[in-house]
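Visitor: I have a model open and would like to go through it with you, a piece at a time. Could you bring it up so that we are looking at the same thing?

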Amino acid sequence: MTFSRPLLLRALLALVGSLCLGLLALSGAAQEPYWADLQPRSALVERGGSLWLNCSTNCPRPERGGLETSLRRNGTQRGLRWLARQLVDIREPEAHPICFFRCARRTLQARGTILTYQRPDRVELEPLPAWLPVGDNFTLSCRVPGAGPRSSLSITLLRGAQELSRRRFPGESPRARGAMATYTATARKEDHRANFSCLAELDLRPHGLGLLQNSSTPQELHTFALAPGPPSLKFPRLLEFGREQLVSCEMDKLFPADEAHIQLALGSQMLSPRILLDGDNLRATATLTVKEEEVEDEGDQELTCTVTLGGQNRKAQGNLTVYSFPQPNLTTSEPSVREGTLVNVTCEARAGAQVRLDGAPEPPPGEPAWLTLTASEEDDERVFTCEALLEVKGEILRRNRSLELQVLYGPRLDEAGCPGNWTWLEGMESTLQCWAPGNPAPVVECTRPEGGPAIPLGLPLPISRDHAGTYQCTASNLVGRTTKDVTVVVEYAPSFGEAGCPGAWTWVKGSDHRFSCEADGNPEPEVLCARAGNLSREEPLPASGGSPLGHAPAPGLYRCQATNSRGSASKTVTVRAEAPPQMDEASCPSHQTWLEGARAPALTCEAQGNPPPRVQCSREGPQRPEQPSVSRADAGTFHCVATNSHGSDSRMVTIGVEYRPLVAELVAVPPGRVKPGGNFTLTCRAEGSPPAQYSWRTPPGASNIGLSGNNSTLSVAGALGSHGGVYECAATNPHGSHALQITVHVAGPWLWIVVGGVAGGALLLAGLGGLSYYLQSTACKKGEYNVQEAESSGEAVCLNGSGAGAGGGTAGTAGTGAEAEGGGAEVYSIQLTST
């Protein structure tokens, strides 16, 4: 192959171009730039802390390298292309270390930034004033020295947990340190004893370090409110030597009132007041007494009251006048005299006082007053009053003195002081009063001539009916003696006793009873008894005198009420009705039915009567052992006897046992094959209690079928081919059902055609039939199995057929007809059941 020159030249040029491009690419790779790196590039370190810096390069063989910084260094580690250096005691707010390497006649550099922070270790809140009036302004000033950087710092002024002010410092230089915040507020009552504090927060979370906090010591503020006016001072204008007077001082609109102080003083004498606090009101009360030896003379004294709160005072003062005014003198010639004696009475007082005596003329000022009288019984205990009047500071003062005259005379017992008849209520506390006028006071005694408990005079005593009777009262003193008869009558409310009104009555049905309920009381109570329950329908019973009842009362509760003028009493009487035992068809049915196979029940037989009778039932004839389930052998007659304390009753009970039906036999007449046009009958017999109801299932298409009255017999006249097949008899009662099947063969004309062809087969069938008969006759003899036990155990049941011929079948899902020839042959059928 040959190429032209121009084409070869163009190929060479393309190859050269490709090589040049490759060399250029290799050259670009070889000229990749070198760098220096510093880690960490940016760091935040606590003031005074330390930090490792790593300086590295990608230069294959750097000529030299280093780390420039003004910070203190502790140690250095080196490699070919790196070095690491520890910086210690870092205190500058901001530093910029430089990492450098010399590589290929060039200097490679990396610059970093190191910032320091300082915790808010000192948070200082300027002291608050000791007390501050409500409504005045005050300033909270907080200083946080040294903390920084200030751009990350915030200062919060707090009242308790409530934020009052928060100050931040955004945009501040990283070198800025320390800060101060102030807040001006107005003092309120709510601020009293409130804690104020300052919270400093250094937020380093943007740098990955967290939030640093510190608080100042809380300071408690005390605010107060004090009215500008003086307190209210109340005191008497006049004060007598030796007498007690109440003074009080009160001031309102105080806050906090419980921290205010109040003082009372009379001259230089400090009083000891009782302090009462009610909201913003403060009250002080004191008892003031001035003795004559404590002051030089009668005249004015200064009383002061001072209230102090929050370092400020409020003061009130006033003058009172002390004086002396003793009681006047009142005398008689003799304090105790007999009737007819002459008595002098005199009344006098201090100088300058005016005196007055009852019944005597008023004398001139400063003179005494006097009175003369002859003593009589009416003058006994007569009170004479001497009144003195004195003017002090324009006010009239009064003093009184009284004296009682004693006149001696003999006693007397009148109806007013010693009533002759008393009526009391038993159980109450009463006092026998028998007072006789006389002087000296007579001694009065009351005795009971006929005997019995005595009643002390003038003393309260619980009264009983034994205190009733006649008492002889005697009054005597030094002057004479007198007597009087006093009659005491004691009344009492009705009450029931168990002897007169028993709480429980018992009647036996058929007996004669009397109901009686009597009560004791004075006056004689009326007793009425009625049955408790529906009050609107209560019928009263004759309670008093034991009246007989016309009929036996219904059992239940009866309420007896006894009433007289002194009250009433009630008692609940319980009436119980008892009866001998009685059984009837409802409580003890004479015929009871059980179900075979069920759990053996208890014989249901109860009796009525009170007390509840005991019922026992026994079986007539031989006893059967107890079994867990019912069987037919449990049927029989039982004799039940009910007995209680009032007699007995008996009943005969017949137990019948019912059971589910069982088809005992199913036979065909004639047996074997049925000729066309012939007749056949199927008879079904079942055992069960109650008797079973019969039903049939016939082959499809079978017609002209007749049934007996109880459906136990099925008959066909003029059999057709459609009558051949399986017939099933089912027996049913309320406890279940059971079924057997039988097969009927109807022979047609085609049978004679094939008789010759199947002769050899007949011989084989005969042999098999003989073998089947042999097995059946040996394995299932007549009466060998019990039908009931076989069914309950799931075994095969052998049933004996009867008649001229029989067809046996299997009950259940399918059945096969068994043929037998000849009259009078025994036919057996096998039933397979499952439990």
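Visitor: Let's start with T116: buried or exposed?

Guide: T116 counts as buried, with a relative accessibility of 1%, where buried means under 20% relative accessible area, exposed over 50% and partly exposed in between, computed with a 1.4 Å probe on protein chains only. Before we go further, this is a predicted model, in which local features need pLDDT of at least 70 and side-chain atom pairs count only at pLDDT 80 or more, while totals for chains, interfaces and linings use all residues. Residues are numbered from 1 along each chain as its sequence is written, and side-chain values use heavy atoms, with hydrogens and water left out.

Visitor: Okay, and which strand holds T116?

Guide: T116 belongs to strand β10, residues 113-117; strands here are DSSP runs of E with at least two residues, and helices are runs of H or I with at least four, numbered from the N terminus. Four of the five residues of β10 are buried, so the strand is largely enclosed by the rest of the structure.

Visitor: What does T116 touch?

Guide: Leaving out residues up to four places away in sequence, T116 touches L44, V45, R47, I90, R91, E92, P93, P149 and R177, a contact being heavy atoms within 4.5 Å. With E92 there is also a polar approach, since a polar atom of the T116 side chain lies 2.9 Å from the backbone oxygen of E92.

Visitor: Which strands pair with β10, and in what sense?

Guide: β2 runs parallel to β10 and is joined to it by five bridges, with S42 opposite T113. Strand β7, residues 94-95, pairs with β10 in the antiparallel sense over two bridges, and there E94 stands opposite L115. Two strands are taken to pair if DSSP finds at least two bridges between them.

Visitor: Different topic: what order do the strands take in the open sheet with β21?

Guide: That sheet has four strands in the order β21-β23-β27-β26, with antiparallel pairing. β21 (232-234) and β26 (274-278) are at the edges and have a single partner strand each, so one side of each is left without a neighbour in the sheet. The twist averages 15° from one strand to the next, with axes taken as lines fitted to C-alpha atoms (for helices over the stretch in contact) and angles running from 0 to 180 degrees between N-to-C directions.

Visitor: And how many bridges join β23 to β27?

Guide: Eight bridges join β23 (residues 244-251) to β27 (residues 281-289), and L246 is found opposite T287 in β27.

Visitor: Now the interior: how many residues are in the largest nonpolar core?

Guide: The largest nonpolar core has 29 residues, and L254 and L264 have the most contacts inside it; such a core is a set of buried Ala, Val, Leu, Ile, Met, Phe, Trp, Tyr and Cys residues joined through side-chain atoms within 4.5 Å. At least two residues of this core come from each of β23, β24 (261-266), β27, β28 (299-309) and β29 (312-323). Another core, of 28 residues, lies apart from it and has L115, C142, A187 and F196 among its members.

Visitor: What about L264, what is it in contact with?

Guide: Beyond neighbours within four places in sequence, L264 has contacts that include L233, V247, C249, M270, A284 and C305.

Visitor: Which way do the side chains of β39 point?

Guide: In a regular strand the side chains alternate between the two faces of the sheet. Along β39, V444 and C446 point to one face and are buried, while V443, E445 and T447 point to the other and are not buried. β39 pairs with strand β41, residues 469-476, in the antiparallel sense over five bridges, and V443 stands opposite S476.

Visitor: Last one, backbone oddities: where are the cis peptide bonds you would check?

Guide: One is the bond from Q39 to P40, with omega near -5°, where P40 lies in the loop between β1 (36-39) and β2 (42-46). Another joins N439 and P440, with omega about 5°, and P440 is in the loop between β38 (429-430) and β39 (443-447).

Visitor: And what is phi at K393?

Guide: Phi of K393 is near 55°, a positive value in a residue other than glycine; K393 sits in the loop between β35 and β36 (395-408) and counts as exposed at 51% relative accessibility.

Note on methods:
A polar contact is a pair of N or O atoms within 3.5 Å; within protein, one must be able to donate a hydrogen and the other to accept it, and residues adjacent in sequence count only if both atoms are side-chain atoms.
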